[in-house]
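Hi,

Here is the structure I promised to hand over. Please have a look at it below, and then read on for what I found in it.

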Amino acid sequence: MSLEQLGYIELPGNVKPGGFDHAAVHRASGKLYVAHTVNDAVDVIDSVHDRYSHSIKNLTGVAGALVSDEENLVFTSNEVRDPVSLLNSDDGRAAGYAYIL
């Protein structure tokens, strides 16, 4: 199977050199959560309508996103402040933080 580019979705510019890291899809909503590492944010893309939705900010050192469809949660790994953030997939609000020892 070969891939074919179907379009382009513009995301917020980088605030410093670097880029993006891991991403995950919330299947029920069609939202794609992309770790925008250099902006300390997760960019949310509405993949149903092929457009940028918003950014979840203040995730210092965010390095990846993982989605739980069953729990409607987005987990982020953060290299600097909190090792793992838990976000509500509906509105991006913090649902908690976990520290891995």
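Reading along the sequence, you will meet the pattern β-β-β-β-β-β-β-β, that is, eight strands and zero helices. Please keep in mind that this is a predicted model. The chain has 101 residues, and 40% of them count as buried. Its accessible surface is about 6500 Å², with 52% of that belonging to carbon and sulfur atoms. Among the contacts with a separation of 6 or more, 26% are between residues 24 or more positions apart.

**The sheet**

Four strands make up an open sheet in the order 1-2-3-4, with antiparallel pairing. Strand 1 (23-26) and strand 4 (51-56) are the edge strands, each pairing on one side only. From one strand to the next, the twist averages 25°.

Let me walk you across the sheet, pair by pair:

- Strand 1 and strand 2 (residues 31-36) run antiparallel and are joined by four bridges. Val25 stands opposite Leu32 of strand 2, and His26 has Lys31 in strand 2 as its bridge partner. The hairpin of these two strands has four residues between them, and Gly30 takes a positive phi near 75° there.
- Strand 2 and strand 3 are also antiparallel, with six bridges joining them. Here the bridge partner of Val34 is Asp43 in strand 3. Their hairpin has four residues between the strands, with Asp40 at a positive phi near 50°.
- Strand 3 (residues 41-46) pairs with strand 4 over five bridges, in the antiparallel sense. Asp46 stands opposite Arg51 of strand 4. In this hairpin, which has four residues between the strands, the positive phi belongs to Asp50, near 55°.

As for cover, strand 2 is mostly covered, with five of its six residues buried.

**Two histidines to look at**

Is His36 buried or exposed? This residue is found in strand 2, and its relative accessible area is 0%, so His36 is buried. What does its side chain touch by a polar contact? The partner is the side chain of Asp43, at 2.6 Å. Asp43 is thus worth a click on your side, since this residue also appears above as the bridge partner of Val34. Leaving aside neighbours within four places in sequence, His36 is in contact with Pro12, Gly13, Asn14, Gly19, Phe20, Ala41, Val42, Asp43 and Val62.

His54 is the other one, and its place is in strand 4, one of the edge strands. With a relative accessible area of 28%, His54 is partly exposed, because that value lies between the cut-offs of 20% for buried and 50% for exposed. Its side chain is joined to that of Ser53 by a polar contact of 2.8 Å. Setting aside neighbours within four places in sequence, the residues in contact with His54 are Val42, Asp43 and Val44. Asp43 therefore turns up in the contacts of both His36 and His54, taking contact as heavy atoms within 4.5 Å. If you want a distance to check in your viewer, try His54 and Tyr33: they are 21 residues apart in sequence and 10.0 Å apart in space, C-alpha to C-alpha.

Happy to talk it through whenever suits you.

Best wishes

Technical notes
Residues are numbered from 1 along each chain as its sequence is written. This is a predicted model: local features need pLDDT of at least 70, side-chain atom pairs count only at pLDDT 80 or more; totals for chains, interfaces and linings use all residues. Side-chain values use heavy atoms; hydrogens and water are left out. Two strands pair if DSSP finds at least two bridges between them. Axes are lines fitted to C-alpha atoms, for helices over the stretch in contact, and angles run from 0 to 180 degrees between N-to-C directions. Buried means under 20% relative accessible area, exposed over 50%, partly exposed in between (1.4 Å probe, protein chains only). A polar contact is a pair of N or O atoms within 3.5 Å; within protein, one must be able to donate a hydrogen and the other to accept it, and residues adjacent in sequence count only if both atoms are side-chain atoms. Accessible areas come from the Shrake-Rupley method with a 1.4 Å probe; for residues, only the protein chains shown count as cover.
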